[in-house]
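Here's a quick briefing on one protein model, covering its pockets and one of its sheets. Have the structure open while you read.

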Amino acid sequence: PVCLSIERIYELLDMNDENDGREKQLDSALTDIELQNISFRFKDDLPNVFENISFHMEKGDQVLLQGENGSGKTTLVKLLLGLYAPTSGTIRMNGQDAAALNCDSIRKHIGVVSQSIFLFRGTVLSNILYGQEGKTRQDVESLVDRLGLQEYMDRMPKGLDTDINQNTSGVSGGQAQIIAFIRALLSQKDLIILDEPISNVDAETRDLLLRILKERRYDGMLLVISHQTEGMEFLNKVIKI
């Protein structure tokens, strides 16, 4: 058993870094994304999750990515983030092949609110500020006020100072979604991706999120992934897979 464990460690050490061969940096703001005939499968002996997907997004676009459960919507997000590589086709960002771009430099421009929200042990405020460079409590309070969420946040026992145990214990599912949403908007990324933001939340949280999405104007790009379309007529592009 010890020898097998050591062998596995050597396999790990010998693995290529995810940025191996990705020397270019995405230095400027992300303003243009184009997918050209993208196909993907997990293994050679498995069928494609999807194939020949092509679409274009540019600054100012608010896009609904629609599809049934299991159609590959979340997988497509992982392709954009560089977590997976397409089986065939090309993803271009600002005209550059994403396969040649450093993954860290790509992710600096993209904010994601996933289906499974993970919150760290601490306060609501510390979770919102996690990973935010140069952001303060005042920035959070200002954003909460602009989004019209002050009353909602005040319902928590201590507002922004409410304690959270690891992995959302201490707040409801809807509150966790709002916290992650505020965290993504505060980061001011060029592309904000919301993965099924209204699928598993209470009616109040759903209405709040839809109101904010409808009324807020984004300087960058917004990609909303959902199989539910009611209330999302304000999005200016629809992509179906």
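Sorted by class, the lining of the second largest pocket comes out as nine nonpolar, four polar and nine charged residues. Keep in mind that this is a predicted model. The bullets below go through the pockets and then turn to a sheet.

**The second largest pocket**
- This pocket has a volume of about 370 Å³.
- Its lining takes in 22 residues, and Leu185, Gln188, Lys189, Arg216 and Asp219 are the ones that lie nearest its centre.
- Helix H5 (137–146) and H7 each chip in at least two lining residues, and H5 gives the largest share, with four.

**The largest pocket**
- Here you'll find about 490 Å³ of space.
- The lining is made of 18 residues, with Tyr130, Gln132, Arg183, Ser187 and Lys189 nearest the centre.
- Strand E6 (110–113) and helix H7 (173–186) are the elements that give two or more residues to this lining.
- Split by class, the lining of the largest pocket has eight nonpolar, six polar and four charged residues.

**The four-stranded sheet**
- Four strands form an open sheet in the order E2-E1-E4-E5, and their pairing is antiparallel.
- Why do E2 (50–58) and E5 (96–97) each have one side without a neighbour in the sheet? Both stand at the edges with a single partner strand, so one side of each is left free of a neighbour there.
- E4 (residues 88–93) and E5 run antiparallel and are joined by two bridges, and Arg92 sits opposite Asp97 in E5.
- Helix H2 (residues 73–80) packs on this sheet, touching E1 (32–40), E2 and E4, and its direction makes about 120 degrees with that of E1.

Conventions:
Residues are numbered from 1 along each chain as its sequence is written. This is a predicted model: local features need pLDDT of at least 70, side-chain atom pairs count only at pLDDT 80 or more; totals for chains, interfaces and linings use all residues. Side-chain values use heavy atoms; hydrogens and water are left out. Two strands pair if DSSP finds at least two bridges between them. Contact means heavy atoms within 4.5 Å. Axes are lines fitted to C-alpha atoms, for helices over the stretch in contact, and angles run from 0 to 180 degrees between N-to-C directions. On a 1 Å grid over the protein atoms alone, a cavity is a set of points where a 1.4 Å probe fits but cannot get out, and a pocket is an open set with protein on both sides within 12 Å along at least five of seven lines; lining residues have an atom within 4 Å of a point. Grid points are joined across faces, edges and corners, and a volume is the space filled by probe spheres set on the points. Ala, Val, Leu, Ile, Met, Phe, Trp, Tyr, Cys and Pro count as nonpolar, Asp, Glu, Lys and Arg as charged, and the others, Gly among them, as polar.
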